[in-house]
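Welcome! Open the structure in your viewer and keep the selection tool handy. We will go from stop to stop, and at each one you will hear what to select and what is there.

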Amino acid sequence: MVDSVFVMPGTVAAPRTGTLRDLHNRYETVREALTLIDKAARELGLPDISTRLIEDAAGERPYSPEVHYLEIFAVSLATYHLLVAEGVEPVAIVGQSIGELWALAVAGHVSVGDAARLAVARSRALTRQAWPGTMLAVGVDGRRAESLAGLIGHPHLVLACENTPRQSVLSGPRQQIDEAERVAEALGWPSVRLDVPHPTHTPAVAQAARDLRASAPRVPYGGGRWRVSSPWLGRDIGDEDPVDLVAGALTAQVRMLHTVRALHAAGADTFIECGEWPVVTRFVEASVPGVQAVVPLSEHDPVAAVRALVASRTDTAPPPVRTPAPLRVPASPPPVAPAPPVPAPDVVAPPPIATTTPVVPAAPSVLTPPTPVTPASPVTVDPPRPAPDADRRYATVLAEIRALYGDYLGYPPELLGDDDALESDLGVESLKQVALLGRVADRYGLPDLRANTSLLTVGTLRRIAQAVVQAQAEATAR
């Protein structure tokens, strides 16, 4: 496998129960990695992280921001070991926000236990500061988003992330984010609030960054196996203090767009997401037309998907492996003078985070996705089919949802197939999907429907109607 970049998601939706069962059973390296995370969690007074991810554990998920972050770490680490075990080696690893810490761990620059402890220290420092801000994904480029922040004129309202040519994220106080949202709506810019446990990438959390530097245990930086490209430093990470790296990222702007383009220009042609859903890879697809983006865990059989990817590269004689030159992203441009923003086409945002996305997000675009490398069907986590006595109700809901979506999108309802994928078949970008799912939730009085990220990542009208009928039945039974 040549010229592949592994991408690590930041704060995204909580992983599904049992999502790592197969990888845990297949690979000794996955079992060892999860054991290390569990050990660090117990030392920090947290429950085992792996239990819910490798078993069909019933009952309430023991939620805290720390557990949430470590679950995302566990999924990223397990996916990395799957890829390496099947012969996929990266030319570089990139992390989005806290995902940069996962990148350092899988690259071997910090140990798994140290990365887990530092992630928890970061979370607790942010919790102690308790900054009451929030984040807003806006469907415009970074220049326009920065102009919008400048118009409102608060020092803590800033461009936090520049993810794609048509998606940026603002971070700031709630009052100023409310104002930015109103202005974006007036300009016709799509936007969506990101439900994250800890809003970051703003000077407002400088206190948490200082606290982290003072309180976090020292973490040695070792010689790793792979290079790590940093979207906030704008270069490869060198022999630097990991605590300073994580603390510095809290207040820094994340320029994922520029990092992805620099890696692609240096020769990277495949980006593989080490997460459960396509979040960062959507940024990639929106930023580099025609690039191959792969998300093994979103496939029905992740192992088969990876093996098919390897076979697709080895069946033809590939060029010799080459390592791109160290990443050098241009320094951030000077702030744009406050000026009325110009409306831009809509974008994509990361699926809403059940806690937090990535995040991350998270998200992306109207570009044509790359040709699939395997016919394996995508992961589906459909709600159970309504019982026979609910068939009539299901048909009614499906017709109502088809009319709602057709009216919003400007399509004749009869052209919307029950099983058409909203994004790949109908071209409905993620931000529009978020807005539409919100309308469905409001129409049927089901606020929890907004947190069902699977309806965004692999959404069809049939699945949405089934989810509505099931949620109504559960509400009636309570």
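Which residue stands opposite Met-135 in strand 6? Select Met-135 and look across: the partner is Leu-194 in strand 6.

**Before we go on**

The model is predicted, so local features need a pLDDT of at least 70 and side-chain atom pairs count only at pLDDT 80 or more, while totals for chains, interfaces and linings use all residues. Residues are numbered from 1 along each chain as its sequence is written, and side-chain values use heavy atoms, leaving out hydrogens and water.

Now show the whole protein as a cartoon. The secondary structure comes to 17 helices and 10 strands; helices (H or I, at least four residues) and strands (E, at least two) are DSSP runs, numbered from the N terminus. Of the 478 residues, 58% are buried. Here buried means under 20% relative accessible area, exposed over 50%, and partly exposed in between, using a 1.4 Å probe and protein chains only.

**Stop 1: strands 3 and 6**

Select strand 3 (residues 133-138) together with strand 6. They pair in the antiparallel sense over 4 bridges; two strands pair if DSSP finds at least two bridges between them. Strands of a sheet pair through backbone hydrogen bonds, either parallel or antiparallel.

Next, show the side chains of strand 6 (residues 191-194). Val-192 and Leu-194 point to one face and are buried, while Ser-191 and Arg-193 point to the other and are not.

**Stop 2: a hairpin**

Select strand 4 (158-164) and strand 5 (residues 167-173). A hairpin joins these two strands through 2 residues, and 5 bridges link them in an antiparallel run. Leu-159 stands opposite Leu-170 in strand 5. Color strand 4 by burial: 7 of its 7 residues are buried.

**Stop 3: the open sheet**

In what order do the 6 strands of the open sheet lie? Follow them as 8-7-2-1-9-10, with mixed pairing. The edges are strand 8 (235-236) and strand 10 (292-294), each pairing on one side only. At one edge, strand 7 (residues 228-230) pairs with strand 8 in the antiparallel sense over 2 bridges, and Ser-230 stands opposite Arg-235 in strand 8.

Now add helix 4 (residues 65-85). This helix lies across strand 1 (4-8) and strand 9 (270-273), at about 160 degrees to strand 1. Angles run from 0 to 180 degrees between N-to-C directions, with axes fitted to C-alpha atoms, for helices over the stretch in contact.

Add helix 11 (residues 256-265) too. Helix 11 lies across strands 1, 2, 7 and 9, running at about 175 degrees to strand 2. Its buried residues are Met-256, Leu-257, Thr-259, Val-260 and Leu-263. Just after helix 11, find Gly-267, which takes a positive phi of about 125 degrees.

**Stop 4: two cores**

Select Phe-6, Leu-20, Leu-23, Leu-70, Phe-73, Trp-102 and Leu-212: these have the most contacts inside the largest nonpolar core, a set of 75 residues. A nonpolar core is a set of buried Ala, Val, Leu, Ile, Met, Phe, Trp, Tyr and Cys residues joined through side-chain atoms within 4.5 Å. Helix 4 gives the largest share of this core, 12 residues. A second, separate core has 25 residues, including Leu-404 and Leu-416. In soluble globular proteins, nonpolar side chains tend to be buried together.

**Stop 5: salt bridges**

A search of the whole structure finds 20 salt bridges. A salt bridge is a side-chain nitrogen of Lys or Arg within 4 Å of a carboxyl oxygen of Asp or Glu.

Select Arg-52 and Glu-71, whose closest N and O atoms are 2.9 Å apart. Arg-52 lies in helix 3 (residues 50-54) and Glu-71 in helix 4, so this bridge ties together parts 19 residues apart in sequence. Is Glu-71 buried or exposed? Glu-71 is buried, with a relative accessible area of 2%, and Arg-52 is buried at 12%.

For the last selection, take Arg-402 and Asp-418, which meet in a salt bridge (2.1 Å, N to O). Arg-402 is in helix 14 and Asp-418 in the loop between helix 14 and helix 15, so the pair ties together parts that are 16 residues apart in sequence. Arg-402 counts as buried at 17% relative accessibility, whereas Asp-418, at 22%, counts as partly exposed.

Technical notes: Contact = heavy atoms within 4.5 Å.
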